[in-house]
Amino acid sequence: MTSETTRQTTQQATQQATQQATRQTGRKRRNAPADATPQGPAVTVVIPTIGRPSLAATLAAISPREAAGPQEGDGPEVIVVDDRPGEEAEALPVPAGVRVLRSGGRGPAAARNVGWRAATTPWVAFLDDDVVPGPGWARALAADLARLPAHVGGSQGRLEVPLPGSAEGRRPTDAERNTAGLADADWITADMAYRRTALEATGGFDERFPGAYREDADLAIRVERAGFCLVKGERLTRHPVRGDGFWSSVRFQRGNASDAIMRQAYGRDWRLFIGGPGRLRRHALTTGAGLLALALAAAGVRTGRRTRLAAGAAGLAWLGLTGEFAWARIAPGPRTPGEIWRMAVTSVVIPPVACAHRLRGELAVRTGRRP
């Protein structure tokens, strides 16, 4: 067997092993080597922001004093990427020594790319602007990254979501449960460090993703397919629950447009790469039943009793599907009057809005535009 044939065979085996690993539902949780020490490699922290007030707490948690490592000056460089549109926005209030770059309002994926490409360190740690790194985070980050072998391309921090009312025994609301789910998510950029060579090998984040949704999962898949391993570290970051208002769950449905990009990139079974089923098919069934009921009801005014009966049947199907969705959100919650009302109203609105955003995303990927 020639050396060229051997090389091709080895490459094929590596690719097959990587693809088999990424097909598994919910990637395996790998731990960093136990002999890691605090003397880690140089790292740059990149934080994209749209100017939210929470940025101040994020930066304070990794201030130069807090970030000081075993020796003076060992703390990481910090780059804040201002993703507010336009060039006339008021300057962000950041501590001395923090670099601020602009990305022009193109979304968090583009902002992170601006940040890591401006860095020169072998590692880049990404934080969101609404998290609070725990005490000693910079030292723990250095320990997580220390002596990681070259095939390890990324290290994720532990994420903790303090739930309001948990001390009193109150059940979390729907919005609080959604945020709490981040604690078990894999490879999310709330706290995720990537080796620079892994970012260069994949080109970084896909800037077609318009918001903070799926762009981190997509990068993780591509990093693993490039032959790198991803591990979980020991550093701790807290993600407070934000009060985003009555319609927050409806606004969240914009992420369905990003799902269209995932389907285009990884096929119909793309959810196998991230673990967990979605509800889009049920939302489509609910929306279809509702539209059919309305159409038959309108036609029944002119055509007679049978059409009106069919409209009633379609309406009952819509009501049953909507009721099931609402109860699935109400049952595990505090079941206060306000929460029940919000779940009832938004459960009616979410299915058609989710379908509309998915259709918008599918149209965008087919025409080569950004969703």
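Let's start from one residue in this predicted model: Val-45. Setting aside neighbours within four places in sequence, Val-45 is in contact with Ile-62, Pro-76, Glu-77, Val-78, Ile-79, Ala-125, Leu-127 and Trp-137.

**Two nonpolar cores**

Val-45 also belongs to the largest nonpolar core, a set of 26 residues in which Val-45, Ile-47 and Trp-137 have the most contacts. At least two residues of this core come from each of β1 (43-49), α2 (55-61), β2 (77-82), β4 (123-127), α5 (137-145), β6 and β8. The helix α5 provides the largest share, with 4 residues. A second core, separate from this one, has 20 residues, among them Val-46, Phe-126, Met-192 and Tyr-194. As a general background, nonpolar side chains tend to be buried together in soluble globular proteins.

**The sheet that ties the strands together**

Now for the strands themselves. They form an open sheet of 8 strands with mixed pairing, in the order β3-β2-β1-β4-β7-β6-β8-β5. At the edges stand β3 (99-102) and β5 (132-133), each with a single partner strand, so one side of each has no neighbour in the sheet.

Here are four of the pairings, with one pair of facing residues for each.

| Strand pair | Direction | Bridges | One facing pair |
|---|---|---|---|
| β1 and β4 | parallel | 4 bridges | Thr-44 and Val-124 |
| β4 and β7 | antiparallel | 5 bridges | Ala-125 and Ala-193 |
| β6 and β7 | antiparallel | 3 bridges | Gly-154 and Tyr-194 |
| β6 and β8 | parallel | 7 bridges | Arg-158 and Leu-236 |

Ala-193 in β7 is a handy residue to look at in the viewer: Ala-125 stands opposite Ala-193, and Ser-155 stands opposite Ala-193 too. Tyr-194, which is part of the second core, stands opposite Gly-154.

**How β4 and β6 are covered**

Why can β4 be called largely enclosed by the rest of the structure? The reason is that 5 of the 5 residues of β4 are buried. Their side chains divide between two directions: Trp-123, Ala-125 and Leu-127 point one way, Val-124 and Phe-126 point the other way, and all are buried. Among the residues pointing the first way, Ala-125 and Leu-127 are in contact with Val-45. On the other side, Phe-126 is included in the second core.

Strand β6 (residues 152-160) is mostly covered, with 7 of its 9 residues buried. In the sheet, β6 runs parallel to β8 (residues 229-238) and antiparallel to β7 (residues 191-195).

**A charged pocket lining**

Let's turn to open space. Rolling a probe the size of a water molecule over the atoms shows where empty space is left. The second largest pocket holds about 430 Å³ of space. Its lining consists of 14 residues, and those nearest the centre are Arg-268, Trp-270, Arg-271, Arg-281 and Arg-358. Two elements, α11 (280-303) and α13 (337-367), give two or more residues to this lining. The most comes from α11, with 3 residues.

Which classes of residue make up the lining of the second largest pocket? By class, there are 9 charged, 4 nonpolar and 1 polar residues in the lining.

Technical notes:
Residues are numbered from 1 along each chain as its sequence is written. This is a predicted model: local features need pLDDT of at least 70, side-chain atom pairs count only at pLDDT 80 or more; totals for chains, interfaces and linings use all residues. Side-chain values use heavy atoms; hydrogens and water are left out. Buried means under 20% relative accessible area, exposed over 50%, partly exposed in between (1.4 Å probe, protein chains only). Two strands pair if DSSP finds at least two bridges between them. A nonpolar core is a set of buried Ala, Val, Leu, Ile, Met, Phe, Trp, Tyr and Cys residues joined through side-chain atoms within 4.5 Å. Contact means heavy atoms within 4.5 Å. On a 1 Å grid over the protein atoms alone, a cavity is a set of points where a 1.4 Å probe fits but cannot get out, and a pocket is an open set with protein on both sides within 12 Å along at least five of seven lines; lining residues have an atom within 4 Å of a point. Grid points are joined across faces, edges and corners, and a volume is the space filled by probe spheres set on the points. Ala, Val, Leu, Ile, Met, Phe, Trp, Tyr, Cys and Pro count as nonpolar, Asp, Glu, Lys and Arg as charged, and the others, Gly among them, as polar.
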